[in-house]
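Here is a short report on one protein chain. Look over the sequence and the model first, then read on.

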Amino acid sequence: MDLTYEIYINSKPEDIWNIFISPEGTKAIFFGCVLKSTFEVGAPYEYIGPGADGDETVHVYGEILAYEPYKMMSYTEHAGPSYRENHAELETRITLYLEEGGNCTKLKLVNDKWPENHPSYENTKSSWPMILSNVKTFAETGKTLDFGW
């Protein structure tokens with residue numbers, strides 16, 4: 001039931017890392033959302049952006065579990081309150097790993113600890129490849145993909 005993805009990106013780990021944590025990067029790859037957190041272990045985070053509750057919609061939130069700049073970040077994940085009434089019960093874990101090799105970086109993402117019958121599993125399964133493709137394209141070209149929405 002775990003979701004695991006590995007891709008190779010023609011970019012340095014620092015550049016890819018910054019895409020995942022900087023406002024410019026997260027807006028580009030996460031459909032206009034900004035990641036808000038202090039990134040300390042135990043700190044909360046939120047992806048906030050335009051959505052059902054206006055410009056400050058909380059799309060995803062959770063807690064930072066581990067944080068090693070340019071190498072690894074792990075956090076819990078909950079869908080925002082406007083998506084699921086029982087959002088607090090629906091927790092998964094996401095872990096990003098970056099490993100430099102030559103002039104490229106291996107990005108591995110693991111989304112695990114899925115509760116049984118999680119209502120977002122199928123949607124998440126298909127959205128991660130889109131997000132990771134967007135990361136790769138943005139890191140390599142400075143542009144994002146047009147998914148036709």
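## The nonpolar core

In this predicted model, the largest nonpolar core holds 30 residues, of which Phe-20, Phe-30, Leu-107, Leu-109 and Trp-128 touch the most other members. Two or more core residues come from each of these elements: β1, α1, β3 (44-51), β5 (72-79), β6 (92-101), β7 (104-112) and α3.

Take Leu-109. Setting aside neighbours within four places in sequence, Leu-109 contacts Leu-3, Thr-4, Tyr-5, Ile-94, Thr-95, Leu-96, Trp-128 and Leu-132.

## Helix α1 against helix α3

Helix α1 spans residues 13-21 and helix α3 spans residues 121-141. Their axes lie 10 Å apart, and the packing angle is about 125°. That angle makes α1 oblique to α3. The crossing of α1 past α3 is right-handed.

Which residues in α1 and α3 meet? From α1 come Ile-16, Ile-19 and Phe-20; from α3 come Leu-132, Val-135, Phe-138 and Ala-139. The residues of this contact divide into seven nonpolar, no polar and no charged. Phe-20 is also among the core residues that touch the most other members. Leu-132 is also one of the contacts of Leu-109.

## Thr-4 in strand β1

Thr-4 sits in strand β1, residues 3-9. Is Thr-4 buried or exposed? Thr-4 is partly exposed, because its relative accessible area is 46%, and partly exposed covers values between the buried limit of 20% and the exposed limit of 50%.

Beyond neighbours within four places in sequence, Thr-4 contacts Lys-108, Leu-109 and Val-110. Asp-112 is 108 residues from Thr-4 along the chain, yet their C-alpha atoms are separated by 8.2 Å.

Terms used. Residues numbered from 1 in each chain as written. Predicted model: local features only at pLDDT ≥ 70, side-chain atom pairs only at ≥ 80, totals over all residues. Heavy atoms only, no water. Axes fitted to C-alpha atoms, helices over the stretch in contact; angles between N-to-C directions. Helix = DSSP H or I, 4+ residues; strand = E, 2+ residues; numbered from the N terminus. Parallel < 35°, antiparallel > 145°, perpendicular 65-115°, else oblique. Left-handed = near helix turned anticlockwise from the far one by under 90°. Contact = heavy atoms within 4.5 Å. Nonpolar A, V, L, I, M, F, W, Y, C, P; charged D, E, K, R; others polar. Buried < 20%, exposed > 50% of the residue type's maximum accessible area, 1.4 Å probe, protein only. Core = buried A, V, L, I, M, F, W, Y, C linked by side-chain atoms within 4.5 Å.
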